[in-house]
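Trainee: Could you take a close look at one strand with me and show how it sits among its neighbours? I'd like the cut-offs spelled out as we go.

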Amino acid sequence: MMARADCHRTASPIRILQWGMSPVFGGTETFIMNLYRHIDREKIQFDFLADREAPALAFEDEILSLGGHIYRVTRSGPFGARQTLPGFYRAHPEIIGVHVHANVPYATPLAVAKQAGIPLRILHSHNSGTLNFSLDRPLKQRFEAVAHTIFARHDINTSVTDFFACSDMAAQFMFSGKPYRWIRNGIDTAHFAFDASAREKVRAELDIGADTTVIGYCGRLREEKSPLFLVDVFAEYHRKHPDSLLTIVGDGPLHERIVCHAAERGLSNRVRMLGGDHRDVAPYYQAMDAFVLPSLHEGFPIVLQEAQCSGLPCLASTNMTTTADTVGLVRFRDLDDGAEAWADELHDMIASTPRADHSGQLRAAGFDVADVAREVERFYLEHARAR
């Protein structure tokens with residue numbers, strides 16, 4: 001193990017290297033930035049690790065304006081990272097902690113950080129689910145997935161000092177049996193609070209009639225989010241409620257398939273694809289009347305907290321932790337129940353849920369980002385210098 005000078009461990013502000021920020025404006029990226037905006041940056045600064053060829057990260061301009069550094073040094077995959085990170089850590093002794101945000105088992109930056117003598121090494125699980133070793137994948141891909149998982153499990157078992165998770169299911173998926181700290185997916189509750197005047201303004205900008213019912217979704221357009229099933233649910237709802245729209249906030253590899261699927265269902269003019277390059281999605285929740293999240297798996301979806309804060313009835317799949325129902329606005333259904341049953345549930349929820357501001361309840365439950373940031377800030381300060 002390489003020694004790291006004690007003088008750097010007492011420098012102020014301390015610097016924590018974050019891994020997991022991508023070019024996409026997604027839930028993990030939003031969580032990291034929520035923390036960064038609200039920590040005391042006179043005591044703690046974030047730096048960010050990215051692949052050498054990575055395009056601009058989500059919020060990159062803001063990161064730089066807040067005093068963070070973005071280091072594009074790693075090569076893709078764990079083997080490339082093991083080659084490049086030792087030299088990087090030697091060149092940056094000011095980094096006293098590494099915080100890895102992961103959606104699949106992965107801890108290579110922490111394994112190398114341990115060898116470099118970095119005292120604080122956090123693995124933060126943001127997702128649940130199962131690893132895909134299915135027989136319908138090519139043999140080479142299955143072999144690579146198994147090998148990756150074996151190496152990842154070894155790194156997780158030997159190199160992590162502290163485990164964070166957004167939910168019990170996320171902890172079970174990433175590091176089953178390990179003691180972990182529950183870090184809530186906090187949001188700016190004041191910013192997402194329901195505002196009737198803002199609702200009218202946004203709906204006018206989107207040319208949505210006052211009586212039109214808007215079913216909403218916010219997230220990446222990937223298989224695990226079941227966006228095609230979302231269109232099927234809306235098709236059933238629209239069949240019984242013609243004055244309705246589906247608004248999809250997000251982007252991803254299934255964008256074109258969703259457009260085609262909506263066209264096949266005769267819904268091209270009733271499905272609004274609003275794109276994914278949004279630093280602020282709060283206004284879109286104001287315009288909605290209900291929120292749907294039919295995911296195959298989730299850790300603890302930050303979008304459900306945002307939607308509940310703005311008073312939306314939420315319909316989600318059973319493939320996520322029930323603790324995501326923070327203020328009693330979420331109902332869970334099995335995907336196997338089918339699109340029509342989901343649409344009928346939506347009708348009942350919208351009819352029985354008056355729109356109201358639930359930001360106070362979320363704050364009371366510990367989901368305001370300022371409170372979460374103070375918790376993480378205390379942890380960084382107490383644990384980084386104590387080791």
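Mentor: Here's a walk around strand β5 and the sheet it belongs to. First, the ground rules: this is a predicted model, so local features need pLDDT of at least 70 and side-chain atom pairs count only at pLDDT 80 or more, while totals for chains, interfaces and linings use all residues. Residues are numbered from 1 along each chain as its sequence is written, and side-chain values use heavy atoms, with hydrogens and water left out.

Strand β5 covers residues 120-125. The labels come from DSSP runs numbered from the N terminus: helices are H or I with at least four residues, strands are E with at least two. Six of the six residues in β5 are buried, where buried means under 20% relative accessible area, exposed means over 50%, and partly exposed lies in between (1.4 Å probe, protein chains only). Both faces are covered: L120, I122 and H124 are buried on one side, and R121, L123 and S125 on the other.

Now the strands beside it. Two strands pair if DSSP finds at least two bridges between them. β5 runs parallel to β4 (residues 95-102), joined by six bridges, and I122 is the bridge partner of H99 there. Together with helix α5 (residues 108-115), β4 and β5 form a right-handed β-α-β unit; right-handed means that, with the strands pointing away from the viewer, the path from the first strand over the helix to the second runs clockwise. With β6 (residues 162-165), β5 pairs in the parallel sense over four bridges. L123 has F163 as its bridge partner in β6.

Zooming out, the open sheet has seven strands in the order β3-β2-β1-β4-β5-β6-β7, with parallel pairing. Its edge strands are β3 (70-74) and β7 (181-182), each pairing on one side only. Helix α2 (residues 27-38) packs on the sheet and touches β2 (44-51), β4 and β5, and its direction makes about 155° with that of β2. Helix α7 (residues 168-175) packs on the sheet too, touching β4, β5 and β6, with its direction at about 115° to that of β5. For those two, contact means heavy atoms within 4.5 Å; axes are lines fitted to C-alpha atoms, for helices over the stretch in contact, and angles run from 0 to 180 degrees between N-to-C directions.

So, back to your strand: β5 has β4 and β6 as parallel partners, and helices α2 and α7 touch it.
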